[in-house]
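Dear colleague,

I am handing over the structure below, and after it I set out what was found. Please read the notes with the coordinates open beside them.

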Amino acid sequence: MRYIYNALVFITTILLSLVALFHKKINLFVAGRKQTFEKLTAVKNAQNTIWFHAASLGEFEQGRPVMEAFKEQYPTYKIVLTFFSPSGYEVRKDYGLADVVCYLPVDSEKNVQQFLDLVKPKMAIFIKYEFWPNFLNGLKLREIPTILISGIFRPNQIFFKKHGGFMLKALKTFDHFFVQDQSSKELLNTFNINNASISGDTRFDRVHAILDQKNDLDFIDAFKNKHYTVVAGSTWKEDEKLLVDYINSEASENTKFIIAPHNIVAKDIEALKKSLQKTCVLYSSKSGKNLADYQVLIIDTIGLLTKIYSAADVAYVGGGFGKSGVHNILEPATFGIPIIIGPVYEKYKEVVDLVALKSCLVVSDKETFSSTFTQVRTDETYRSQLGKTNHEFIQNNLGATKMIMEYINTQLK
């Protein structure tokens, strides 16, 4: 099976190089990897290096609390941070805590050997997903401690199927698993993987730390002007259709809306603005305007959403009407505000948990969208209770980073 896997890696590499000629994201994927080994020469003579790997941006946020705690405790260590996806690398390629940020090379035996020869990590930390057999086997052969953090496993994953023996063998190379829930641990135990601890999700530690930073933004305060405010974050067209309909036909004149689309595409932003019948201003054109005069503010930039959630009376988190599902609800939850989402959320444990607590409200169509938003706006006691439940949920799930760091300390002594 190893030979078949390596052949598939080789063929895939060639195909990606061809597709990159016509596909922007794949081109980033291919071109970015050409710089990896040159970047890694920056740490080739380092005495102590630790390697973190994240598939994309979401996994980076899960690993971030551990990276920060590690750097505080081991300031002389070099940190190498790799990404699989352009959507992670392109956003966090300048992450200041890491000494090298680069793409993970394609999982060929040659690349693995070159990567490990340059980095020589004292430990490898994989975040939630990403199981590359050649890399994992290479780490095992060199006796480099390797752990998974914020892991979550389901029976339908390839490791646990009859034809998944090759991937299961790779999974068993990990020295320890820090998983999010009991069912993940029990599933691993079923396949004689007993080196797992239930730590929870490090993202709770991450979002809790947000409360310690300065979150207010002058332009948001000026726009809000003490009015009831809905923040719709990471929205897609399906979300925006419902939002626009509600804003145009049912929203009170005293309600403000801040919309932060997931994809910042100029023509889509302009189409969204034109579809609104209320006074609307873009973040990019706010200069010189009296923001209090507008009812809708569209955030046509990235990097501000977390702070903006702090000003919300209620948050709508987008993605729940698409195949991939709802985006991050933990950031608004930590600010203690009600959350409303679309119906696709089953893949995300924290969302399932908050829906069960009835503090994350699910809408499925125009009618439920309207009635839910109306109830939350008009019933202040209800709104306050929802927010309190969300905040307590964050508080009750802290501590994953501390547990992981205790294990790391035992391995690096």
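The buried residues of helix H10 (residues 203-210) are Arg203, Phe204, Asp205, Arg206, Val207 and Ile210, where buried means under 20% relative accessible area, exposed over 50% and partly exposed in between (1.4 Å probe, protein chains only). This makes H10 mostly covered, with 6 of its 8 residues buried; helices (H or I, at least four residues) and strands (E, at least two) are DSSP runs, numbered from the N terminus. The buried residues of H10 pack against helices H4 (57-73), H14 (305-309), H15 (330-334), H16 (349-356), H18 (380-395) and H19 (400-412).

The model is a predicted one, in which local features need pLDDT of at least 70 and side-chain atom pairs count only at pLDDT 80 or more, while totals for chains, interfaces and linings use all residues. Residues are numbered from 1 along each chain as its sequence is written, and side-chain values use heavy atoms, with hydrogens and water left out.

Within H10, Arg203 has a relative accessible area of 12% and so counts as buried. Its side chain makes a polar contact (a pair of N or O atoms within 3.5 Å; within protein, one must be able to donate a hydrogen and the other to accept it, and residues adjacent in sequence count only if both atoms are side-chain atoms) with the side chain of Glu350, at 2.8 Å. Leaving aside neighbours within four places in sequence, Arg203 is in contact (heavy atoms within 4.5 Å) with Glu61, Gln62, Asn328, Leu330 and Glu350.

The largest nonpolar core, that is, a set of buried Ala, Val, Leu, Ile, Met, Phe, Trp, Tyr and Cys residues joined through side-chain atoms within 4.5 Å, has 39 residues, of which Leu40, Trp51, Phe131, Phe153, Leu171, Phe177 and Leu188 touch the most other members. A second, separate core of 38 residues includes Leu217, Val231, Ala312 and Ile329.

Two backbone conformations deserve a look, because most residues other than glycine have a negative phi. Glu130, in the loop between strand S4 (123-127) and helix H7 (133-141), has a positive phi of about 80 degrees, and Glu143, in the loop between H7 and strand S5 (146-151), has one of about 55 degrees. Glu130 is buried, at a relative accessible area of 13%, whereas Glu143 is exposed, at 71%.

Finally, Phe22, in the loop between helix H1 (2-19) and helix H2 (24-33), is exposed, with a relative accessible area of 75%.

With best wishes
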